[in-house]
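Biologist: I'm new to this one. Could you walk me through how to read it?

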Amino acid sequence: HGTKVDYAIKNISPVQTTTSGYSLEMSLHVLSDEIGIENTTLSSTKLDFDFNRQKGNYTIATDIDTTMNVSAQGLIEVSDFLNRFTLNTLYAKYQGLDIRNATPFSVTSTRSGIRIDTSVFIRGNEEFIVKGMYNYRGIVNVNAVIKNFVVSDIFFVNTSAEFREQAFAL
């Protein structure tokens, strides 16, 4: 019971570049019954993160307070010219609303901006599709599409009784 943390860091340098000759290696493994962060409680948390030479793999699963459950697996790629964060699998459940990704969710940061590759999230027959980019000059181009959304499901987002009654009346 409690919290167990295992970590290792090798070849850390203040000059971490892909051409510096240093190959940063890290591993972090956390297993915890409960973690408190401000007013939020993470329960049954498991995190595994391994990073070697510009690539890392991670897996995380946790319950957030009593309302949300999240599990994800993916990878991180780091280089001098781009950084990429990918969620290969994601499952999230919030007050009975469950969602998972049907395609990997990938965010890439380059010297010119941030790009989100086309990603599809599903819940039953419902689909949420998102893609876009933001460049550092302030230009935003985002496209989001929702398909087959059941309007009465909106009550999952807001927990007030009045909001739920109005949503069920739709």
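Biologist: Which residue in strand 10 is the bridge partner of Ile114?

Modeller: Tyr134 is the bridge partner of Ile114. Strands are DSSP runs of E, at least two residues, numbered from the N terminus, and two strands pair if DSSP finds at least two bridges between them. Here strand 9 (residues 113-123) and strand 10 run antiparallel, joined by 9 bridges. This is a predicted model, where local features need pLDDT of at least 70, side-chain atom pairs count only at pLDDT 80 or more, and totals for chains, interfaces and linings use all residues. Residues are numbered from 1 along each chain as its sequence is written, and side-chain values use heavy atoms, leaving out hydrogens and water.

Biologist: How many residues lie between strand 9 and strand 10 in their hairpin?

Modeller: There are 2 residues between them, and Gly124 in the turn has a positive phi of about 60 degrees.

Biologist: What pairs with strand 10 on from there, strand 11?

Modeller: Yes, strand 10 (residues 126-135) pairs with strand 11 (residues 140-147) in the antiparallel sense over 8 bridges. Val130 stands opposite Ala144 in strand 11. That hairpin has 4 residues between its strands, and Gly138 in the turn has a positive phi of about 100 degrees.

Biologist: Is Tyr134 buried or exposed?

Modeller: Buried means under 20% relative accessible area, exposed over 50%, and partly exposed in between (1.4 Å probe, protein chains only). Tyr134 counts as partly exposed because its relative accessibility is 35%.

Biologist: Where do I find a positive phi in a residue other than glycine?

Modeller: Try Gln54, with phi near 75 degrees, in the loop between strand 3 and strand 4 (55-64).
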